[in-house]
Amino acid sequence: MHAIPQRCAHRPLSGGLVVPYVTLIHDGHAAFGVLDADKAINAFRRRLCQICEHRLDERCFLLVRPADAVKGCSPEPALHPECLPYTADHCPMLNGTVTHYRRSPVLASHPAGRPCSDSSCLCLSRTTDEGQAARSGSPADRYEAWLIHTRNYRLVSLPERPDVPSGISLDVPVLRRRVLRTATLTPDQQHLMDLFNCLMNGA
């Protein structure tokens, strides 16, 4: 296991783990695995690492699933190369500890992580997990980390909200790819990934 990166020394801990900058803090507890929309947008715009909140340097990693590669967009803020190994070690989705996506969003109202029961709470409006319904209960995806040069860092937005970044473009030169966790791709996913790889390689 990798030690806590020096860049993260200022970050709060929960259960001995670094609380990433973009993690939603709900009712005083870190809702690991749930992105705070406002923080994610801030990280996109200011080119901040999603873990330590420091500015990205010359190179950064993007987290990419097959569906992201097809869409040409990574929906999460980037990471420093130093922050990725620690994250890959401790994130259950990246290290393979969990095999399926949650069936419902979990917002921590206490350490056990029960869903929020306060109908007046604005927590749902602060999350970016718009794909939860589509992924609910399905097997976990394959995750890769793509290293890019920050001079090629380019934000993309949804047509209906051009002023709000929704991710980072993958239509850029990739310096290196690292598989973080494997998953059995469906035939359609494998076909799309093969096509995408051919396009990226200029075949």
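Select strand S5 (59-64) first: S5 is mostly covered, with 5 of its 6 residues buried. Here, buried means under 20% relative accessible area, exposed means over 50%, and partly exposed lies in between (1.4 Å probe, protein chains only). Helices (H or I, at least four residues) and strands (E, at least two) are DSSP runs, numbered from the N terminus.

A word on what you have open: this is a predicted model, in which local features need pLDDT of at least 70 and side-chain atom pairs count only at pLDDT 80 or more, while totals for chains, interfaces and linings use all residues. Residues are numbered from 1 along each chain as its sequence is written, and side-chain values use heavy atoms, with hydrogens and water left out.

**From S5 to its partner**

Keep S5 on screen and add strand S7 (143-149). The two run antiparallel and are joined by 6 bridges; strands count as paired if DSSP finds at least two bridges between them. To see one of these bridges, pick leucine 63 and look across to alanine 145 in S7. Strands of a sheet pair through backbone hydrogen bonds, either parallel or antiparallel.

**Helix H3**

Next, select residues 83-90, which form helix H3. How many of the 8 residues of this helix are buried? The count is 7, so H3 is largely enclosed by the rest of the structure. The buried residues are Cys83, Leu84, Pro85, Tyr86, Thr87, Ala88 and Asp89. What do they pack against? Show strand S2 (17-18), S5, helix H4 (92-95), S7 and strand S10 (176-181), and you have the elements around them.

Now colour glycine 16, in the loop between strand S1 (13-14) and S2. Not counting residues up to four places away in sequence, glycine 16 touches Ile4 and Tyr86, where a contact means heavy atoms within 4.5 Å. Tyr86 is one of the buried residues of H3 that you have just met. From glycine 16 to isoleucine 4 the C-alpha distance is 9.9 Å, with their positions 12 residues apart in sequence.

**A charge over a ring**

Show the side chains of arginine 177 and tryptophan 146. The charged end of the arginine sits over the tryptophan ring, 4.4 Å from its centre. The cut-offs for this are NZ of Lys or CZ of Arg within 6 Å of the ring centre and within 35 degrees of the ring normal.

**The cysteines**

Which cysteine sulfur is closest to that of cysteine 52? Select cysteine 49: its sulfur is 3.9 Å away, too far for a bond. A disulfide needs a pair of cysteine sulfur atoms within 2.5 Å, and the structure holds 0 of them. Cysteine 60 is in no disulfide either, the nearest cysteine sulfur being that of cysteine 49 at 9.2 Å. Is cysteine 52 buried or exposed? Cysteine 52 is buried, with a relative accessible area of 0%, and cysteine 60 also counts as buried at 0%.

**Two residues with positive phi**

Move to the loop between helix H1 (37-46) and S5, where you will find arginine 47. Glutamate 53 is in the loop between H1 and S5 as well. Most residues other than glycine have a negative phi, and most peptide bonds are trans. Arginine 47, however, has a positive phi of about 55 degrees, and glutamate 53 has one of about 80 degrees. Arginine 47 is partly exposed at 28% relative accessible area, and glutamate 53 is partly exposed at 29%.

**A sheet of 3 strands**

Now display the open sheet with the order S6-S9-S8 and antiparallel pairing. Strand S6 (73-74) and strand S8 (155-158) stand at the edges, each with a single partner strand, so one side of each has no neighbour in the sheet. S6 pairs with strand S9 (residues 161-169) over 2 bridges. For one contact point, choose serine 74 and find its bridge partner, isoleucine 168, in S9.

**Zoom out and colour by confidence**

Finally, colour the chain by pLDDT, the predictor's confidence in each residue, from 0 to 100. The chain averages 84, and 78% of the residues score at least 70. Among the elements, helix H5 (residues 132-135) has the lowest mean, 53, and S5 the highest, 98. Over residues 108-112 the pLDDT is below 50; this stretch has 14 contacts in the model beyond near neighbours in sequence.

With everything shown, the chain has 6 helices and 10 strands, and 42% of its 203 residues count as buried.
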